[in-house]
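Please look over the structure shown here before reading on. The report that follows takes up the surroundings of the ligand, then some helices, and finally a few single residues.

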Amino acid sequence: MQSAKKILILGGGFAGISVLRQLESSFKNNEDIQITLVNEDNFFLFTPMLPELASGMIRPSAISIPLRMVCKKTEFIQAKVSSIDLKSKLVAITRPFDGMVKVLSYDYLVIAMGGTTNFFGNKKIEKHAFTIKTIQDAIGIKTHLIHMLEIADTEKNPALQEKLLTVVVVGAGFAGVETIGELNDFVRDSVKSYYHNINPENIKMILVSANGVILPELGEELGKKAYESLQKAGIRIIPNTKAVDAGEDFVFLGNGETIPCETMIWTAGVTMDSVIADLDCEHKSGKIVVDKYLKLANNDTVFALGDCAAITDTKTGGLYPPTAQHALRQSKIVSHNLKAMIFGRTNLKPFNFESKGMMAIIGKRDGIAKISGHSLTGMSAWLIWKTYYLMMLPTFEKKLKVATDWTVNSLFTRDITLVRKIKRKSVNHLDGIESLDQVLFRSETQAKTN
Ligand SMILES: Cc1cc2nc3c(=O)[nH]c(=O)nc-3n(C[C@H](O)[C@H](O)[C@H](O)COP(=O)(O)OP(=O)(O)OC[C@H]3O[C@@H](n4cnc5c(N)ncnc54)[C@H](O)[C@@H]3O)c2cc1C
């Protein structure tokens, strides 16, 4: 090899760090290869456990791994990718601290920037909904819910108390189902242990699904089982319905129903960052279209994988689903093919993957799983989920932290410490209904004036 080859990886999520690890192990002692990783945050986030962070079952540091910990030979740069020029082989990045722009050149590019939340252009929903994509999102949801519990405990108007304790999750994929399951347990357990002025009947947990089934990835039979389990746990599911509007304290559904609520969580869609959407290449659903070798067609130096890549499943004709499991599998093909390109070999491998299993946790000691064609439900599926994801979590230290949190938090009552203040609207109104305290205060004031 003449001069050092530069490999640039954009995105330090499941796909990016998995490619990085494989390349690092192959090029450990090879000075002719320089690898650079660019990511917005300085850590990798283990997203499947985000709902448990929102419910306080685990602490934030347990599921965030500093990227410098995985970069042994790689140079890490914390920055936002602001544009990619495929013709000149240049990538512009912006430093978050002061907005300073830097341009990086590459010989080989790996694009693994995932996706962002899709509100389908609905600005009102975007303004009023919580999302669950980042650590801040999950902490924000937990903080907000504890505030709602504190206020609801002092509220005597039942309609207002119910509004404070209504949580609407929109979207019934993995993120939506696991989030509603976790929050349902969190709110009900907390009320039982601490909030004795709250009538448990005023807790309303609602899952809104655009389809007739939930968790479509797991098939109809398991989706039905998950549906029944959630209902048994006290969750109302509204199928075949979309959320079409929202305000500070309501969600309006396509079926004409208005739900008064202080908490709406949006998990209903994924879209692409403008850097991906504007890239000068073929797109499908906003994602980068790659060939079966996971590289751009007619471009042997640019690979894309994970949630930002549109990869056709030749068996079904559809796209492979955006899951962590698929991103990890794709990383093996990308690292193999990238090495083949560097060494001028022609033995490229095509991506072909049939998932051996899918699973989800849907509540306390309850889960569903489909493994090698076998369906499992309840405690066994829940245990398999816990074991599998614990094993997937990078580093022994993080595994130990998560295992400790699970053990400690299942032995004791929920932690409702409010470590943050929220700056948010007044919740003392309900479509014209005043709280009892407001009515009393008004009567007292009037009596004094008279
Ligand atoms: C709440 C939740 C629960 C989930 N549960 C499961 C589950 O149980 N099982 C499962 O298989 N999948 C699950 N998923 C889906 C899974 O998280 C994704 O499929 C997976 O993360 C995709 O990996 P990726 O590397 O493509 O993207 P990501 O993991 O999202 O990584 C993308 C990275 O790129 C970075 N990035 C993005 N834009 C820029 C930019 N402009 N500049 C710099 N950096 C940038 C991001 O910060 C991020 O680090 C869940 C997702 C969520 C949100």
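## The shell around the ligand

At least two residues of the shell around the ligand come from each of the elements α1 (14-26), β6 (80-85), α7 (174-193) and α10 (324-342). Among the contributors to this shell, α10 gives the most, with three residues. The model is a predicted one, and every value in this report should be read with that in mind.

The ligand has 27 residues around it, and those that come nearest are Ala15, Asn39, Thr47, Val81 and Asp307. When the residues of the shell are sorted by the character of their side chains, they divide into 14 nonpolar, nine polar and four charged. The shell also draws on two domains, since at least three of its residues come from domain 1 (5-40 + 79-115 + 272-342) and at least three from domain 2 (123-270 + 357-411).

Which backbone atoms lie 2.8 Å from an oxygen atom of the ligand? One is a backbone N or O atom of Ala15, at 2.8 Å from a ligand oxygen atom, and another is a polar backbone atom of Asp307, which is 2.8 Å from an oxygen atom of the ligand. For Gln325, a backbone N or O atom lies 3.5 Å from an oxygen atom of the ligand. On its own the ligand has 990 Å² of accessible area, and the protein covers 90% of that area.

## Three helices

The table sets out three helices, with the distance between their end C-alpha atoms and the span expected at 1.5 Å a residue.

| Helix | Number of residues | End-to-end C-alpha distance | Expected span |
|---|---|---|---|
| α5 | 19 residues | 27 Å | 27 Å |
| α7 | 20 residues | 29 Å | 28 Å |
| α10 | 19 residues | 27 Å | 27 Å |

Helix α5 covers residues 135-153, and its reach is close to the expected value. In α7 the end C-alpha atoms are 29 Å apart where 28 Å should be spanned, which agrees, and in α10 the distance of 27 Å likewise agrees with the span that its 19 residues should have.

How many residues of each helix are buried? Helix α5 is mostly covered, with 15 of its 19 residues buried; α10 is mostly covered too, with 15 of its 19 residues buried; and in α7, which is also mostly covered, 16 of the 20 residues are buried. Just after α10 comes Gly344, which takes a positive phi of about 70 degrees.

## Positive phi outside glycine

Most residues other than glycine have a negative phi. Asn298, however, is a residue other than glycine with a positive phi, near 60 degrees. Asn298 lies in the loop between β21 (287-289) and β22 (302-304), and because its relative accessible area is 81%, Asn298 is exposed.

Arg365 is likewise a residue other than glycine with a positive phi, in this case near 50 degrees. The loop between β24 (357-363) and β25 (366-371) is where Arg365 is found, and with a relative accessible area of 41%, Arg365 is partly exposed.

## Single residues, buried and exposed

Is Glu262 buried or exposed? Its relative accessible area is 2%, and because buried means under 20%, Glu262 counts as buried. Glu262 is found in the loop between β17 (258-260) and β18 (263-266), and its side chain makes a polar contact with the side chain of Lys163, at 3.1 Å.

Thr166 has its place in strand β12 (residues 166-170), and at 2% relative accessibility Thr166 counts as buried. Although Thr166 and Glu52 are 114 residues apart along the chain, their C-alpha atoms are separated by 19 Å.

Ser25 lies in helix α1, and Ser25 counts as exposed because its relative accessibility is 52%. Between the C-alpha atoms of Ser25 and Thr404, which are 379 residues apart along the chain, the separation is 30 Å.

Asp41, finally, has its place in the loop between β2 (33-39) and β3 (43-45), and with a relative accessible area of 35% Asp41 is partly exposed. The C-alpha atoms of Asp41 and Gly11 are separated by 9.4 Å, while the two residues are 30 residues apart along the chain.

How values were computed:
Residues are numbered from 1 along each chain as its sequence is written. This is a predicted model: local features need pLDDT of at least 70, side-chain atom pairs count only at pLDDT 80 or more; totals for chains, interfaces and linings use all residues. Side-chain values use heavy atoms; hydrogens and water are left out. Helices (H or I, at least four residues) and strands (E, at least two) are DSSP runs, numbered from the N terminus. The expected span of a helix is 1.5 Å times one less than its number of residues. Buried means under 20% relative accessible area, exposed over 50%, partly exposed in between (1.4 Å probe, protein chains only). A residue is near a molecule or strand if one of its heavy atoms lies within 4 Å of it. A polar contact is a pair of N or O atoms within 3.5 Å; within protein, one must be able to donate a hydrogen and the other to accept it, and residues adjacent in sequence count only if both atoms are side-chain atoms. Accessible areas come from the Shrake-Rupley method with a 1.4 Å probe; for residues, only the protein chains shown count as cover. Ala, Val, Leu, Ile, Met, Phe, Trp, Tyr, Cys and Pro count as nonpolar, Asp, Glu, Lys and Arg as charged, and the others, Gly among them, as polar. Domain bounds come from an automatic or database domain assignment.
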